[in-house]
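Hi everyone, thanks for making time this morning. I'd like to walk you through a structure you may not have met before, so please pull up the view and follow along.

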Amino acid sequence: MKLLLAGLLLCGFSAVAQVNIIPQPASVKMPRIMADFSLSPSTNIVLEGGGLENSVSFFNDYLKEFYGFTLKTTSKPKGRNNIILNFERIDDSIPGAYHLSVDQKGIYIAGDNATGVFYGIQTLIQLLPMPNDLQKLSIPYVQIKDKPRFAYRGLMLDVGRHFMPVPFVKKFIDYLALHKMNEFHWHLTEDQGWRIEIKKYPRLTEVGAWRDGTVIGRHWTGNDNTRYGGFYTQDQIKEVVAYAAKRYITIIPEIEMPGHGSAAIAAYPWLSCFPDEKTNIPDSLLSEEGKKAKGKLVYEQWGVAEDVFCAGKDSVFKFLQDVIDEVAPLFPSKYIHVGGDECPKTHWKRCPLCQKRMRDLGLKDEHELQSYFIQRMEKYINSKGKTLIGWDEILEGGLAPNAVVMSWRGEKGGIEAARQKHTVIMTPTTYVYFDYSQTKHEDSIVIGGYLPLEKVYKYEPIPSELSAGDGHYILGAQANIWTEYMTNPSKVEYMMFPRVDALSEVVWSPKSTRNWEDFKKRLPYQFKRYDLWGTHYFGDVEEFETH
């Protein structure tokens with residue numbers, strides 16, 4: 001009898017060991033005695049709720065790619081070999097809650113809405129064993145109740161420094177979906193490249209999307225003299241937006257202003273305070289073509305360019321409004337990101353038109369001029385039914401009335417904005433900048449900094465300095481992937497993984513359930529999934545922990 005009991009308990013522990021879900025659900029209950037549901041090509045997906053086709057398509061696409069078969073859908077169960085998708089009322093302020101059960105009756109997933117069902121499907125995918133030749137997949141009996149902690153769970157991809165092709169952007173979106181993330185911040189314009197077609201201003205992509213060379217290495221030992229660039233047509237943008245929507249992911253476009261605009265200025269020099277002045281890049285870092293040029297250039301080095309949009313010209317605001325006119329309809333998101341970061345004031349200080357604007361408006365300094373710039377654009381963006389997001393520099397000189405602040409220079413800006421009753425998205429360099437190295441021993445060129453997995457995992461988006469009331473203004477968090485030293489999709493993946501898994505648990509799972517030691521135990525199985533997906537990742541376990 002003792003041997004039998006020990007065997008039953010061991011089976012129970014084996015079942016628990018099979019459940020390696022990231023992000024960790026709010027509640028996972030396993031039966032004491034191991035049992036499983038066998039999923040096979042004869043299993044049916046039963047749609048008891050309407051409008052769940054996106055979840056079916058995603059699951060079937062996943063099964064087809066990695067297991068070689070798909071499942072039929074029906075409106076009525078047949079026996080017990082079913083995956084039933086339905087809705088249930090789950091009272092939670094943040095959309096996306098779901099229940100999932102696997103038992104002798106089959107698999108049942110119910111969401112508070114279609115998004116919740118989709119997240120239940122992501123959990124089901126993580127319950128699947130690795131593929132085998134039998135095409136009979138054993139899924140352990142389990143009861144899961146789950147819901148997201150934060151409404152905003154995001155990742156930013158910079159395609160300005162290095163362009164990423166549409167197939168990879170879609171793959172990137174799939175990665176977000178698999179981790180229950182819901183916001184894709186698409187950084188579309190930069191000093192080094194303008195990546196979105198604007199039909200009224202064709203030179204933005206004819207000229208601004210291409211640079212004649214790029215500085216070499218982290219320490220800038222010269223220029224590679226290689227023409228580089230790319231852009232997305234509006235049709236491609238629509239295609240990607242539709243692709244993301246089917247995965248319940250919102251795309252937030254970023255159009256940088258008033259700084260980081262050198263690519264646009266190269267296309268239309270009159271956007272600058274000084275159209276006739278050549279872009280300031282040291283000769284030692286210029287391409288051969290750049291050395292021959294007399295006018296404005298798409299920036300060939302990294303860092304911050306002095307040439308910014310002129311705040312003294314109404315024509316500049318008309319240009320940016322025209323751009324917003326074309327951008328806003330492409331993106332259903334209620335947000336448009338305008339950057340607002342790292343805007344040098346050197347040109348504004350010596351620009352007669354900017355100085356006149358300051359005198360006319362009674363502005364005391366150039367920081368207030370930047371605030372005027374952002375607030376003027378905010379009014380226009382609001383008129384399009386959109387809300388402005390900006391990096392925390394938009395706090396300088398006075399915050400735009402309805403703006404959302406992304407706090408990247410630490411948490412100070414976010415704390416200040418929350419205390420001013422503004423919505424905040426936390427994205428501090430010290431915890432969520434995925435362009436920082438994952439190892440102390442640099443194994444590839446990165447921008448610098450060190451951000452091990454444990455530090456990402458232990459990040460708390462609501463600062464302890466905030467009162468409970470002000471803490472409610474923290475909408476969530478996102479990680480940023482700046483691509484100065486990521487020239488291809490493989491490097492982007494390598495810098496993302498496994499840190500995106502840690503972030504997903506930070507923004508999804510209840511704070512009380514987060515456990516670093518438990519997370520580490522779930523990682524090896526996640527690595528098997530990476531291998532299945534063909535994903536590049538950093539897997540040096542010894543480097544994961546802070547020391």
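Let's begin at helix α13, which covers residues 412-419. Its buried residues are Gly413, Gly414, Ile415, Ala417 and Ala418. And what do those buried residues of α13 pack against? The partners are two strands, β19 (404-407) and β20 (424-426), then α16 (468-471) and β21 (474-481). Just past the helix, have a look at Lys421: α13 is followed by this residue, and its phi is positive, near 70°. I should say right away that this is a predicted model, so please keep that in mind for everything that follows.

Three of those partners bring us to the barrel. Here 8 strands close up in the order β10-β11-β16-β17-β18-β19-β20-β21, and the pairing is parallel. On average, and with direction ignored, neighbouring strands of this sheet are turned by 30° against each other. On the barrel sheet you'll also find helix α12, residues 366-383, which touches β16, β17 and β18. The direction of α12 makes about 150° with that of β18.

Now let's stay with β17, residues 335-339. Why do we call this strand largely enclosed by the rest of the structure? Because 5 of its 5 residues are buried. Tyr335, His337 and Gly339 point one way from β17, while Ile336 and Val338 point the other way, and all are buried.

On one hand, β17 pairs with strand β16 (residues 250-257) in the parallel sense, over 2 bridges. There, Met257 stands opposite Gly339. On the other hand, β17 pairs with strand β18, residues 387-391, again in the parallel sense, this time over 3 bridges. For Tyr335, the bridge partner in β18 is Thr387, and Ile336 stands opposite Leu388.

Let me pick out one residue from β16, namely Ile251. Is Ile251 buried or exposed? With a relative accessibility of 4%, Ile251 counts as buried, because the cut-off for that is under 20%. Leaving aside residues up to four places away in sequence, Ile251 touches Ile173, Phe184, Trp186, Val240, Val241, Ala244, Phe331 and Ser333. One distance to note here: Ile251 and Gly154 are 97 residues apart along the chain, and their C-alpha atoms are separated by 9.7 Å.

Trp186 leads us to the nonpolar cores. The largest one has 156 residues, and those with the most contacts inside it are Phe59 and Trp186. Who surrounds Phe59? Not counting residues up to four places away in sequence, Phe59 touches Leu39, Ile45, Leu71, Ile83, Ile121, Leu124, Ile125 and Leu128. Apart from this core lies another, of 12 residues, including Met156, Val404, Ile425 and Trp482.

Next, over to the other sheet on my list. This one is open, with 7 strands in the order β1-β9-β6-β7-β5-β3-β4 and mixed pairing. At its edges are β1 (27-29) and β4 (72-74), each of which pairs on one side only. Direction ignored, neighbouring strands of this sheet are turned by 15° against each other on average.

At the β1 edge, the partner is strand β9, residues 142-146; the two pair in the antiparallel sense over 3 bridges. Within that pairing, Lys29 stands opposite Gln143 in β9.

Two helices pack on this open sheet. Helix α2, residues 53-67, touches β3 (44-47), β4 and β5 (82-87), and its direction makes about 170° with that of β3. Helix α3, residues 114-127, touches β5, β6 (98-103), β7 (106-111) and β9, and the direction of α3 makes about 40° with that of β6.

Finally, a word on empty space. Rolling a probe the size of a water molecule over the atoms shows where such space is left. How many cavities of 30 Å³ or more does a search of the whole structure find? The count is 3. In the largest cavity lies about 40 Å³ of space. Its lining is made up of Gln122, Ile125, Gln126, Leu178, Gln526, Arg529 and Trp533. The elements giving two or more residues to that lining are α3 and α19 (516-533). You have already met Ile125 in this talk, as one of the residues that Phe59 touches.

That's my tour. Thanks for listening, and I'm happy to go back to any of these places with you.

Definitions and conventions
Residues numbered from 1 in each chain as written. Predicted model: local features only at pLDDT ≥ 70, side-chain atom pairs only at ≥ 80, totals over all residues. Heavy atoms only, no water. Pairing = 2+ DSSP bridges. Helix = DSSP H or I, 4+ residues; strand = E, 2+ residues; numbered from the N terminus. Axes fitted to C-alpha atoms, helices over the stretch in contact; angles between N-to-C directions. Contact = heavy atoms within 4.5 Å. Core = buried A, V, L, I, M, F, W, Y, C linked by side-chain atoms within 4.5 Å. Buried < 20%, exposed > 50% of the residue type's maximum accessible area, 1.4 Å probe, protein only. 1 Å grid on protein atoms, 1.4 Å probe; cavity = no way out; pocket = protein on both sides within 12 Å on 5 of 7 lines; lining within 4 Å. Points joined across faces, edges and corners; volume = space filled by probe spheres on them.
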